[in-house]
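Hi everyone, thanks for coming. I'd like to walk you through a structure that is probably new to most of you, so let's put it up on the screen.

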There are 2 protein chains.
Amino acid sequence: MTTATPARLTAKGAATRARIVATAADLVLARGVGGTSLDDVRAGTLTSKSQLFHYFPGGKSELVLAIADLQMERVLRAQRPFLDTLDTWAAWDGWRDALVAYYGSQPHWGCPIGTLVSELVGTDPAAAAEVVGHMDRWRGLLRDGLGRMRESGLLRADADPGRLALAVFAAVQGGLLLTQAMRSIEPLTAALDAALTALRAAAPARHPAVLR
Amino acid sequence: MTTATPARLTAKGAATRARIVATAADLVLARGVGGTSLDDVRAGTLTSKSQLFHYFPGGKSELVLAIADLQMERVLRAQRPFLDTLDTWAAWDGWRDALVAYYGSQPHWGCPIGTLVSELVGTDPAAAAEVVGHMDRWRGLLRDGLGRMRESGLLRADADPGRLALAVFAAVQGGLLLTQAMRSIEPLTAALDAALTALRAAAPARHPAVLR
DNA sequence: CCAGTATTGGACCCTGCGGTCCAGTAACAG
DNA sequence: CTGTTACTGGACCGCAGGGTCCAATACTGG
């Protein structure tokens with residue numbers, strides 16, 4: 001549903017399309033959807049208006065959706081391989097570091113995914129719903145890891161993986177929001193460390209050694 | 001700097017101005033800055049274009065700033081009296097409940113303050129900076145409470161109030177972001193509970209009783 | 001009552017921007 | 001070689017929306 005552009009694409013066309021999405025992503029991620037005009041995109045990609053609508057017949061909405069897809073792919077990739085195997089505390093630590101390393105290396109501070117959704121909610125609810133779906137996928141991976149940890153005894157039986165994942169995910173999003181606002185990576189690291197501390201508090205007592 | 005409207009206001013004028021801000025706040029908080037036109041505000045307040053610019057010579061920017069001021073005042077008020085006396089665990093619990101109660105009772109899900117800043121960052125950096133200043137004030141109150149708790153021994157001497165406050169604040173903002181996206185209060189409660197769990201992990205060991 | 005100022009209403013302007021159209025060019029299939 | 005389809009350039013359109021102006025009306029202080 002996200003790539004229903006023209007029926008057939010030649011190699012050249014695909015390249016142009018990719019170039020548009022990549023450049024547009026940089027612009028939108030830095031300046032927001034409302035702060036980026038199609039003319040900006042046109043200028044940044046050395047293309048013409050007709051090409052934009054050739055590759056994205058749905059107009060700006062479709063382009064924004066493609067950007068969201070791309071960005072989500074990037075973010076998930078940056079968290080691998082840890083993201084799929086959050087079964088141990090070591091994996092969570094690695095995941096934390098990967099996330100910090102990724103966002104610390106980004107030119108534009110902050111998390112355009114969370115930012116994007118908050119902007120779209122009041123503007124383009126359909127697109128917002130799609131992006132929320134992506135975020136649910138992300139959050140689901142955290143929850144799955146926590147579920148497996150409960151199975152294996154690394155979390156207490158009364159721990160609620162869904163709720164814990166929600167809290168960790170909120171910490172990530174909030175940390176990124178503040179990272180963007182304050183132009184510093186520290187909010188993200190502080191939020192992540194606190195979230196992981198909270199996770200460890202859901203580990204069984206009597207076995208502090210297992211926390212490392 | 002935030003209320004440099006006309007020099008003198010009659011009672012009637014002040015009332016009109018207040019009505020404009022209040023109604024505009026509802027619109028902007030629900031639909032975002034970009035999703036709210038001055039014409040929407042005009043229609044919603046039964047006023048005219050000239051009145052908008054009479055009371056907010058700076059145009060939309062100034063209006064948005066006034067809205068941010070109002071909303072920040074509301075949010076801070078909802079957290080009192082706990083917010084100023086976060087010296088005990090009981091106060092933190094009360095604070096948490098007050099926050100949940102406030103946002104749970106709002107018609108529009110989510111936290112327009114964090115949302116606002118993320119939208120403004122790419123559109124109106126000056127306004128964004130002002131709102132960030134407000135958020136710093138808020139965060140500062142959390143930090144101050146934690147500082148006093150460290151003084152009084154409720155937190156370990158090696159705890160970092162600034163960093164902990166940052167983490168809690170990030171949890172609040174992230175929880176609210178997800179609350180808006182998912183149309184549920186649960187992300188906020190989960191994030192807050194985890195944040196408070198992390199705080200308690202910074203309490204001195206050997207005295208678990210003091211946690212209650 | 002009178003000047004002066006605050007408060008309104010609403011017509012108007014103009015830029016920016018999303019979106020359309022068409023005509024010209026390149027590339028592929030047969 | 002030729003028809004067809006993808007690709008590209010750019011002029012153009014319509015309108016939404018921020019912002020200006022002016023003239024009419026209320027209100028205030030003296």
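I'll begin with the overall picture of one chain and then visit some individual residues. Please keep in mind that this is a predicted model.

Let's start with chain A. What is it built from? Chain A has nine helices and zero strands, so if you read along the sequence by the definition of helices and strands used here, the pattern is simply α-α-α-α-α-α-α-α-α. Its C-alpha trace spans about 65 × 35 × 30 Å along the principal axes. There are 212 residues in chain A, and 53% of them count as buried. Take the contacts in chain A between residues at least 6 apart in sequence: 69% of those join residues at least 24 apart.

Now the surface. Chain A exposes about 8,900 Å², and 57% of that comes from carbon and sulfur atoms. As for charges, chain A has 23 positive and 20 negative ones, and the mean positions of the two sets are 3 Å apart.

What does the record say? UniProt, in an unreviewed entry, lists two stretches of chain A that I'd like to show you. One is "domain: HTH tetR-type", at residues 20–67. That span is 73% helix and 0% strand, and its end C-alpha atoms lie 10 Å apart. The other is "domain: Tetracyclin repressor-like C-terminal", at residues 108–194. Here the span is 77% helix and 0% strand, with the end C-alpha atoms 24 Å apart.

Let's go inside. In soluble globular proteins, nonpolar side chains tend to be buried together. In this model the largest nonpolar core has 146 residues, and which of them touch the most other members? They are Trp92(A), Trp95(A), Trp92(B) and Trp95(B). If we set aside neighbours within four places in sequence, the contacts of Trp95(A) include Phe82(A), Leu86(A), Leu142(A), Val168(A) and Leu192(A).

Over in chain B, have a look at Met149(B), which sits in helix H7, residues 125–151. Is Met149(B) buried or exposed? Met149(B) counts as buried because its relative accessibility is 0%, and the cut-off for buried is under 20%. Leaving out neighbours within four places, its contacts include Asp87(B), Trp89(B), Trp92(B) and Leu155(B). Asp87(B) is 62 residues away from Met149(B) in sequence, yet their C-alpha atoms are 5.4 Å apart.

Next, a few backbone details. The peptide bond from Arg80(A) to Pro81(A) is cis, with omega near 5°. You'll find Pro81(A) in the loop between helix H4 (60–79) and helix H5 (89–104) of chain A. In chain B, a cis peptide bond joins Arg80(B) and Pro81(B), with omega about 5°. Pro81(B) is in the loop between helix H4 (60–79) and helix H5 (89–105) of chain B.

Finally, two residues with positive phi, neither of them a glycine. Leu46(B) has a phi of about 55° and lies in the loop between helix H2 (38–45) and helix H3 (49–55). Leu46(B) counts as exposed because its relative accessible area is 73%. Arg183(B) has phi near 55°, and its place is the loop between helix H8 (161–182) and helix H9 (186–200) of chain B. Arg183(B) is exposed too, with a relative accessible area of 53%.

That's my tour; thanks for listening!

Technical notes:
Residues numbered from 1 in each chain as written. Chains lettered and ligands numbered in written order. Predicted model: local features only at pLDDT ≥ 70, side-chain atom pairs only at ≥ 80, totals over all residues. Heavy atoms only, no water. Helix = DSSP H or I, 4+ residues; strand = E, 2+ residues; numbered from the N terminus. Buried < 20%, exposed > 50% of the residue type's maximum accessible area, 1.4 Å probe, protein only. Contact = heavy atoms within 4.5 Å. Areas by Shrake-Rupley, 256 points an atom, 1.4 Å probe, with all protein chains shown as cover. Lys, Arg positive; Asp, Glu negative; His and termini not counted. Charge placed at Lys NZ, Arg CZ, Asp CG, Glu CD. Core = buried A, V, L, I, M, F, W, Y, C linked by side-chain atoms within 4.5 Å. UniProt positions renumbered as here; feature names shortened; annotations may be inferred.
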